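The following exercises concern strand pairing, charged pairs and burial in one protein model. Please work through each task before reading its solution.

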Amino acid sequence: GDVVGNLTLNASNNWSASLSGLPVNKAGKAINYTVQEITVANYTTKINNNGAYNWTVNNTHVPALTNVSVVKVWSDVDDQDGVRPVSVTVMLFADGVNVRNATLNESNKWKFVFTGLDKFADGKLINYTVKESEVANYTGEISGENGSFVINNTHVPALTNVSVVKVW
């Protein structure tokens, strides 16, 4: 239970070090050496004795995850002109790099959630954005922010003129 030494493990010593010259016995009894690590924030620690006081300290970090949702909205007077496609492809970008795609359609109610996405890369928050493949006859607008997006596609229905002439 007494601290008999401290070690600092880091990349320069390949995360390995030893204490030497430690007594085997104290007052005629064998000394039982143990190892403890000062708590490392955001990590869980498991220490294993591999025999003959050969210790392994394993630190595990579970990366933070996030989800990104996207909802498709149609502003086309309930597909009055019959030009709405049966599906659209939405691309998810992480810091500008396409990482996943999803197909939105009526069967998934024009909604999708990209799940299990890393929240950070190299210690920095990942900026997620979405883009949509081009939709003919529609103008698209994306709103929202890093986690929840709405894609609104607008189609102005075709209009016509009707002339009436009164004859007597």
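**Exercise 1. Determine the strand order and the pairing sense of the sheet that contains strand 6.**

Step 1. Strands are DSSP runs of E with at least two residues, numbered from the N terminus, and two strands pair if DSSP finds at least two bridges between them. On this basis 3 strands form an open sheet in the order 7-6-11, and the pairing is antiparallel.

Step 2. The edges are strand 7 (97-105) and strand 11 (128-132), each of which pairs on one side only.

Step 3. From one strand to the next, the twist averages 25 degrees; the axes are lines fitted to C-alpha atoms, and angles run from 0 to 180 degrees between N-to-C directions.

The model is a predicted one, in which local features need pLDDT of at least 70 and side-chain atom pairs count only at pLDDT 80 or more, while totals for chains, interfaces and linings use all residues. Residues are numbered from 1 along each chain as its sequence is written, and side-chain values use heavy atoms, with hydrogens and water left out.

**Exercise 2. Establish the register between strand 6 and strand 7, and describe the residue with positive phi in their hairpin.**

Step 1. Strand 6 (residues 87-94) is joined to strand 7 by 8 bridges, and the two run antiparallel.

Step 2. Thr-89 has Thr-103 as its bridge partner in strand 7, and Val-90 stands opposite Ala-102 in that strand.

Step 3. The hairpin has 2 residues between the strands, and Asp-95 takes a positive phi near 50 degrees there.

**Exercise 3. Assign the order of the sheet that contains strand 5, and identify the bridge partners of Ser-69, Val-70 and Trp-74.**

Step 1. An open sheet is formed by 4 strands in the order 8-5-13-12, with mixed pairing. Strand 8 and strand 12 (139-145) are the edge strands, each pairing on one side only. Neighbouring strands of this sheet are turned by 20 degrees against each other on average, direction ignored.

Step 2. Strand 5 (residues 65-75) and strand 8 (residues 111-118) run antiparallel and are joined by 6 bridges. Here Ser-69 has Val-113 as its bridge partner in strand 8.

Step 3. With strand 13 (residues 148-154), strand 5 pairs in the parallel sense over 7 bridges. The partner of Val-70 in strand 13 is Phe-149, and that of Trp-74 is Asn-153.

**Exercise 4. How many salt bridges does the model contain, and which residues form them?**

Step 1. The criterion is a side-chain nitrogen of Lys or Arg within 4 Å of a carboxyl oxygen of Asp or Glu. By this rule the count comes to 2 salt bridges.

Step 2. One salt bridge is formed by the side chains of Lys-72 and Glu-132, at 2.5 Å from N to O. Lys-72 lies in strand 5 and Glu-132 in strand 11, so this pair ties together parts that are 60 residues apart in sequence. Both residues, Lys-72 and Glu-132, are buried, where buried means under 20% relative accessible area, exposed over 50%, and partly exposed in between (1.4 Å probe, protein chains only).

Step 3. Asp-76 forms a salt bridge with Arg-84, the closest N and O atoms being 2.6 Å apart. Asp-76 is buried, with a relative accessible area of 1%, whereas Arg-84 is partly exposed at 21%.

**Exercise 5. Describe the surroundings of Glu-132.**

Step 1. Glu-132 is found in strand 11, and its relative accessible area is 18%.

Step 2. A polar contact is a pair of N or O atoms within 3.5 Å; within protein, one must be able to donate a hydrogen and the other to accept it, and residues adjacent in sequence count only if both atoms are side-chain atoms. Side-chain polar contacts join Glu-132 to Lys-72 at 2.5 Å and to Asn-153 at 3.2 Å.

Step 3. Contact means heavy atoms within 4.5 Å. Leaving aside neighbours within four places in sequence, Glu-132 is in contact with residues including Val-88, Met-91, Ile-142 and Ile-151.

**Exercise 6. Is Val-35 buried or partly exposed, and which residues does Val-35 contact?**

Step 1. Val-35 lies in the loop between strand 2 (29-30) and strand 3 (44-49). At 31% relative accessibility, Val-35 counts as partly exposed.

Step 2. Apart from neighbours within four places in sequence, Val-35 is in contact with Ile-47, Trp-55 and Val-57. Val-35 and Ile-47 are 12 residues apart in sequence, and their C-alpha atoms are 7.6 Å apart in space.
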